[in-house]
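Okay, thanks for coming, everyone. I'll put the sequence and the fold up on the screen, and then we'll walk through a handful of residues together.

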Amino acid sequence: MSNLPSEPEFEQAYKELVSTLENSTLFEKNPEFRTALSVVSIPERIIQFRVVWEDDSGALQVNRGYRVQFNSALGPYKGGLRFHPTVNLSILKFLGFEQIFKNALTGLQMGGGKGGADFDPKGKSDNEIRKFCVAFMTELSKHIGADTDVPAGDIGVSGREIGWMFGTYRKLRNQWEGVLTGKGGSWGGSLIRPEATGYGLVYYVGHMLEYAGKGDWTGKRVAISGSGNVAQYAALKCIELGATVVSLSDSKGALIAEGDKGFKPEEVYQIADLKVARKALTAFENSSYKYIEGARPWVHVGKVDVALPCATQNEVSKEEAQTLVDNGCLFIAEGSNMGCTQEAIDVFEGVRKAKGGESIWYAPGKAANAGGVAVSGLEMAQNSQRLNWTSEEVDEKLKGIMKNAFENGLNTAKEYLTTKDGELPSLVAGSNIAGFVKVVSAMKDQGDWY
């Protein structure tokens, strides 16, 4: 496709999927799936639009808005909205492509999509953000609906922004429906939704620990990057289950616990308050932690048992991956989407094949961080029934979904890849193949390829 402009993030996601399919027996057993690959890798529809809004000084501002409706074979398009100055079509196509297979692994009836705008909420007043949300949804509302496309939040889009967009949609369409997830609890939201991605990540890794014979979370040292929603709730659940969390970070630097200390729940809540106020971690004052400007935590945390990248894409490099391996890290699972570079994944997978049961074990985001979209799917189900489930009910369903996602990837890897005695199965290959087969099989049944 040399006639198209370069889309590095999407190309990385595509190549990562294809490499695992090629290195398995999938195409050997099912050669027709090569045709399916050429179809599933092109979005069903891409919507681009301008967003014109007025700042507090009365000046006109304009941004680019997007919605990539990638695949609807398994259900309505489902995926978040990201408001960040780096947003472009390559990033949204990569996120939407990953979302297709992630949603398939939840077992729920959801297709894959992603959207957003190159709008930067930082430095904007509440009034300016509200005006932008209204202008953005005024156009997006023409293309979404409870049975068509159900967006959610992502970077830069919290429950507050979801509320403003939902209200705009309701007024424009004159109907109340479960069109956005991450809604407020009193108007259609689900309990456990804010916590779901972080909690689900920890539940998933719990199954990795158990399968590898490493017990449970008790006493494990855990490095976490990020300090937003996913990182916060992953940290809180790790602490609750007996682990020691030794790092958090933001785009400006990393907070590293000194000695054997770890974050306390109240400190995580303090950091959460800083993020709501859109303040950097430099505003967190505590002598128990060392702040390293411009750094990610991986080379500064020393020996850890588990690493959880929870910030953004490509946040673990080849060199950082090797440092984690050298320092004895045994498990790494992505709370962010495509958190590891392909070179980092190659390091982890190479060590897994070489060292057997005592190697580092890598879990991709499309499986490990599926808890967020899983509970979004549960929110959609509650909206359809006009019911609200208890937090205990939702949490139990989330645990079941994460267990199934783990076992699906594990068993699929065993089916399509040769694994030596004592070698841990490839969760990245197994998850990729399991999600891919489910989606393209539905597409074939519906005549999307033949």
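Before anything else, a word on burial: I call a residue buried when its relative accessible area is under 20%, exposed when that is over 50%, and partly exposed in between, using a 1.4 Å probe and protein chains only. Two housekeeping points. This is a predicted model, where local features need pLDDT of at least 70 and side-chain atom pairs count only at pLDDT 80 or more, while totals for chains, interfaces and linings use all residues. Residues are numbered from 1 along each chain as its sequence is written, and side-chain values use heavy atoms, with hydrogens and water left out.

So, where does Glu98 sit, and is it buried or exposed? Glu98 is in helix 4, and it counts as buried because its relative accessibility is 5%. When I say helix or strand, I mean DSSP runs, numbered from the N terminus: H or I over at least four residues for a helix, E over at least two for a strand. Contact, in this talk, is heavy atoms within 4.5 Å. Ignoring residues up to four places away in sequence, Glu98 touches Ala13, Glu16, Met338 and Lys366.

Two of those partners, Ala13 and Glu16, take us to helix 1, where they are on the list of buried residues. Others on that list include Phe10, Leu17 and Leu21. Helix 1 runs over residues 8-22, so 15 residues, and covers 20 Å from first C-alpha to last, close to the expected 21 Å. That expectation is 1.5 Å times one less than the number of residues.

Another Glu98 partner is Met338. You'll find Met338 in the loop between strand 11 (331-333) and helix 11 (342-355). With a relative accessible area of 7%, Met338 is buried. What is its phi? Near 50°, which is positive in a residue other than glycine. For context, most residues other than glycine have a negative phi.

Staying in helix 4, which spans residues 89-106, let's look at Lys102. UniProt, in an unreviewed entry, puts a "binding site" feature at Lys78, Gln99, Lys102, Gly153 and Ser376. A caution there: UniProt positions follow the numbering used here, feature names are shortened, and annotations may be inferred rather than shown by experiment. Lys102 is buried because its relative accessibility is 6%. Beyond its neighbours within four places in sequence, Lys102 is in contact with Asn337, Gly365, Lys366, Asn369, Ala370 and Val373. Lys366 came up a moment ago as a contact of Glu98 too.

From that UniProt list, Gly153 is another one to click on. Gly153 lies in the loop between strand 5 (149-152) and helix 6 (159-173). At 27% relative accessibility, Gly153 is partly exposed. Its contacts, again leaving out neighbours within four places in sequence, are Gly80, Leu81, Ile162 and Thr181.

The unreviewed UniProt entry also has a "binding site" annotation covering Thr197 and Asn229. These two are spread over 33 residues of sequence, yet they cluster in space, with a largest C-alpha distance of 8.2 Å. Thr197 is in helix 7 (residues 196-211) and is buried, at 10% relative accessible area. Asn229 is in helix 8 (residues 229-240) and is partly exposed, at 37%. Sequence neighbours within four places aside, Thr197 is in contact with Val230, Gly335, Asn369, Gly371 and Gly372. Asn369 should ring a bell, since it was on the contact list of Lys102.

Last stop, Arg296. Arg296 is in the loop between strand 9 (289-293) and strand 10 (306-308), and it is partly exposed at 35% relative accessibility. What does Arg296 contact, once its neighbours within four places in sequence are left aside? Ala254, Asn314, Glu315, Ser317 and Glu320. Of these, pull up Asn314, in the loop between strand 10 and helix 10 (318-326). Asn314 is partly exposed at 24% relative accessibility. Its phi is near 55°, again a positive value in a residue other than glycine. If you want a distance to try on screen, the C-alpha atoms of Arg296 and Gly430 are separated by 29 Å, with the two positions 134 residues apart along the chain.

That's my tour; over to you.
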